[in-house]
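Work through the exercises below with the sequence and the coordinates open side by side. Each task is followed by a solution that goes step by step.

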Amino acid sequence: MGKSANRQVRQGDMRRQTIRWARGFLLAVLVVALVAGVMATWPSARGAAPMVGGVRLFGALFPLAGRHIGIVAGHSGSDAGAVCPDGLTEAQVNLAIAEAVVREVEARGATADLLAEFDERLSGYRADAFVSIHADSCEVDLSGYKVAGLEDARNSASARLVECLWREYERATGLPRHPDTITYDMSQYHAFREIAGTTPAAIIEIGFLKADRDLLTRQPQRVAAGIVAGIECFLQNREQGGR
Ligand SMILES: [Zn+2]
């Protein structure tokens, strides 16, 4: 073996050693970061002073963690609902919004069920919040949204869910309130009587397919955000002892 070959072997050894050392260091950094991360965000760490910040961060990132939410895509699996002259159906608008709401609440830590209008699971259905999503006629030139819940003194939580949806949906979409057109189908919504009596429930008509079409079909994220904010408003108030 010549001089230069020897030097190459030595350099090779050094390089390998450096790589080994760097790997070990990286691994140690990763382990420390992981342990720190788990300790900072561990939900059961509530109360331990140094971890409060971590718990808050966890709460901010996953405000719906541990919650179970049911979302009905109005008319899905059943019929088209309202239909526009060009073929746009209420069912397809409802489904796009309902899917966006489910994605968003799941991203915030909740588990969610996307339910059909006459879903088998509705019977005795239990959840922390239940919202059915519908849209209004394509025939009239009206604009606005409305929310209704089951008028039942036993479930005042539903009334608060309805209030939160009224407020947050308005804030997110800027649509006017349209309480005058709340129909029997809304206030006596069939699913209200099928789900468990303890499940807070509401139905929202997200807008009219004619006048509010642009918002409903081109800004589904904004529409969904209004519903998600309503659900979150309700669940957070309850945590503060509102029930
Ligand atoms: Zn409908």
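Helices (H or I, at least four residues) and strands (E, at least two) are DSSP runs, numbered from the N terminus. The model is a predicted one, in which local features need pLDDT of at least 70 and side-chain atom pairs count only at pLDDT 80 or more, while totals for chains, interfaces and linings use all residues. Residues are numbered from 1 along each chain as its sequence is written.

**Exercise 1. List the elements of the chain in order from the N terminus on.**

Solution. Begin with the inventory, which gives eight helices and five strands in the chain. Then read along the chain from the N terminus, where the elements run α-α-β-α-β-β-β-α-α-α-β-α-α.

**Exercise 2. Work out the strand order of the sheet and find its edge strands.**

Solution. Strands of a sheet pair through backbone hydrogen bonds, either parallel or antiparallel. Two strands are taken as paired here if DSSP finds at least two bridges between them. By that criterion the five strands form an open sheet with the order β2-β1-β3-β5-β4 and mixed pairing. The edges are β2 (111-115) and β4 (146-148), each of which pairs on one side only, and the twist from one strand to the next averages 20°.

Next, look at the two neighbours of β1. Strand β1 (residues 68-73) runs parallel to β3 (residues 129-136) and is joined to it by five bridges, with Ile69 standing opposite Ala129. Five bridges also join β1 to β2, again in parallel, and here Ile71 has Leu114 as its bridge partner.

**Exercise 3. Place helices α3 and α4 against the sheet.**

Solution. Axes are lines fitted to C-alpha atoms, for helices over the stretch in contact, and angles run from 0 to 180 degrees between N-to-C directions; two residues are in contact if their C-beta atoms, placed from the backbone, lie within 7 Å. Helix α3 (residues 90-107) lies across β1, β2, β3 and β5 (201-208), at about 150° to β3. Helix α4 (residues 156-173) lies across β3, β4 and β5, at about 25° to β5.

Now check the length of α4. The expected span of a helix is 1.5 Å times one less than its number of residues. For the 18 residues of α4 this gives 26 Å, and the end C-alpha atoms are 26 Å apart, so the two values agree. After α4 comes Gly174, with a positive phi near 75°, and just after α3 Gly109 has a positive phi of about 105°.

**Exercise 4. Is His75 buried or exposed?**

Solution. A residue counts as buried if 20 or more other C-beta atoms lie within 10 Å of its own, as exposed if 12 or fewer do, and as partly exposed in between, with C-beta atoms placed from the backbone. His75 is located in the loop between β1 and α3. Its count is 23 other C-beta atoms within 10 Å, and therefore His75 is buried. The phi of His75 is near 75°, a positive value in a residue other than glycine.

**Exercise 5. Which residues have the most contacts inside the largest nonpolar core?**

Solution. A nonpolar core is a set of buried Ala, Val, Leu, Ile, Met, Phe, Trp, Tyr and Cys residues joined through C-beta atoms within 7 Å. The largest such core has 54 residues, and those with the most contacts inside it are Ile71, Val101, Ile133, Ala202, Ile204 and Ile227. Leaving aside neighbours within four places in sequence, Ile133 is in contact with residues including Ile71, Ile97, Ile204 and Ile227.
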